[in-house]
Amino acid sequence: MVTDALREMTVGTGAGLDTADMVLNIGPQHPSTHGVLRLKLTLDGERVVACEPIVGYMHRGAEKLFEVRDYRQIIMLANRHDWLSAFANELGVALAVERLMGIEVPERATWLRTALAELNRVLNHLMFLGSYPLEIGAITPMFYAFRERETLQAVLEEATGGRMHYMFNRVGGIKEEVPAGWTKRARQAIQTVRRRLPDLDKVIRHNDIFLARTVGVGVLSAAQAAAYGASGPVARASGLDIDLRRDEPYLAYDQLDVPVITKTAGDCHSRFEVLLDQVYVSLDLADECLDRVDRIGGPVNVRLPKVVKAPEGHTYAWTENPLGINGYYLVSRGEKTPWRLKLRTASYANVQALATLMPGCLVPDLIAILGSMFFVVGDIDK
């Protein structure tokens, strides 16, 4: 079809130009989106006018699958929800079921769980500490971060048999006793990582190029963080002083002094610094837990019936996962499967804030902001 009139459109910025906004899709398959996330951007030249995060491309129906799996099987499903925080995810489910069933977990299992949860937190953070600089052009930190990850991965693999999906938590404790001498080897691995971590710290924290790309970029105020339900390192970098390990302790955290790292700037660099400083804290906490494990004997789980059935009722458990607060709302009707298990994931809340952070930024800053929000897309699409 041939038209007589041709319509001319100028897309861009400049004094005196009639410009039109352009709609650009980042994703759903894009190397910077940490998974299958789609951002619908409205651009005025190089500047972002509006941002709409669109989720659901990885939807696996986990919450619905929980309803047809017994309480042992749902641990496996939750384990895979945030693949960087597998131990913390399965722990939350176990805590919710134990609370509903009134199970008292043996003391040794509690301390081992706490130690492993902190080691899993370090592994999670090291992944982002390596990948975030990589996304904005720094290659070297990735090698340092993965060197430390492998040191700790070897320890967790020895104890649990898994590298990513540990499946070590059970209702009533943990799967089995750790191998003989494991606490000593774990402590040695922690000392090695603590000694070598400044290599990563020095190469990136005060790097001039990294500072130029992150300081003052993507500022999330404390009020905005609270309004969107952001938690974890993202919220603490904005000045929200909240950490469930200190404020509403579970496991053995009530017997530990948990330093909470906070910043006030709320920009990309603050979020990175909170993550980096948290690694030092978690290494110290894991070390302290291992000392307690060595002084405690006894079983690491409780004997359960062949078919586990939670009594009729409901409960809510929440944990301070590596990426923020995860909540588990469990409703039971006395069967071997939950009637409902609702997940409140940290990544879902953190990603919502992108709609506020992106408008006004330039396209090159888009990747820096996106990477600094520390989310895993599998943890969003429930």
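Which residue in strand 2 does Leu24 stand opposite? Keep that in mind for a moment, everyone, while I say hello. What we have on the screen is a predicted model, so please read everything I say today with that in the back of your mind. Now for the answer: the residue facing Leu24 is Leu41.

Let's stay with the strands. Strand 1 covers residues 22-26, and it pairs with strand 2 in the antiparallel sense, over 5 bridges. On its other pairing, strand 2 joins strand 3, residues 47-54, again in the antiparallel sense, with 7 bridges. If you want one pair to look for there, try Arg38, whose bridge partner in strand 3 is Ile54. Strands 2 and 3 make a hairpin with 2 residues between them, and in that hairpin Gly45 takes a positive phi near 65°.

Strand 2 itself, residues 38-44, is a nice one to look at from both faces. Leu39, Leu41 and Leu43 make up the covered face. Turn the strand around and you find the uncovered face, with Arg38, Lys40, Thr42 and Asp44.

One of those leucines takes us to the inside of the protein. The largest nonpolar core has 99 residues, and Leu39 is among those with the most contacts inside it, together with Trp182 and Met358. Helix 4, residues 107-135, gives this core its largest share, 14 residues. There is also a second, separate core of 21 residues, including Ala62, Tyr71, Ile74 and Val93.

Who does Met358 touch? Leaving aside residues up to four places away in sequence, Met358 touches Leu39, Val48, Cys51, Leu366, Ile369 and Leu370. So there is our friend Leu39 from strand 2 again.

Not every nonpolar side chain is tucked away, though. On the surface, Leu134, Ile139 and Phe143 form a nonpolar patch, with about 320 Å² of accessible area together. Leu134 sits in helix 4, and its relative accessible area of 37% makes it partly exposed.

Now to charges. Side chains of opposite charge can pair when their charged atoms come close. How many salt bridges does a search of the whole structure find? It finds 28, and I'd like to show you a few.

Start with Asp294 and Arg187, where the closest N and O atoms are 2.6 Å apart. Asp294 is in helix 11, residues 268-295, while Arg187 is in helix 6, residues 182-204, so the pair links distant parts of the chain, 107 residues apart. Is each partner buried or exposed? Asp294 is partly exposed, at 44% relative accessibility, whereas Arg187 counts as buried because its value is 16% and the cut-off for buried is under 20%.

The next pair is Arg194 with Asp284, at 3.0 Å from N to O. Arg194 lies in helix 6 and Asp284 in helix 11, so this salt bridge ties together parts that are 90 residues apart in sequence. Here Arg194 is partly exposed at 26%, and Asp284 is partly exposed at 42%.

A further salt bridge joins Arg246 and Asp241, at 3.1 Å from N to O. Arg246, at 34%, is partly exposed, and Asp241, at 47%, is partly exposed too.

Finally, have a look for a whole network of salt bridges: Glu118, Arg121, Arg236, Asp243, Arg245 and Glu320 are linked in one. Thanks for listening!

Methods. Residues numbered from 1 in each chain as written. Predicted model: local features only at pLDDT ≥ 70, side-chain atom pairs only at ≥ 80, totals over all residues. Heavy atoms only, no water. Core = buried A, V, L, I, M, F, W, Y, C linked by side-chain atoms within 4.5 Å. Buried < 20%, exposed > 50% of the residue type's maximum accessible area, 1.4 Å probe, protein only. Helix = DSSP H or I, 4+ residues; strand = E, 2+ residues; numbered from the N terminus. Contact = heavy atoms within 4.5 Å. Patch = residues over 30% accessible without salt bridge, like charges linked within 9 Å, V, L, I, M, F, W, Y side chains within 5 Å. Areas by Shrake-Rupley, 256 points an atom, 1.4 Å probe, with all protein chains shown as cover. Salt bridge = Lys/Arg side-chain N within 4 Å of Asp/Glu carboxyl O. Pairing = 2+ DSSP bridges.
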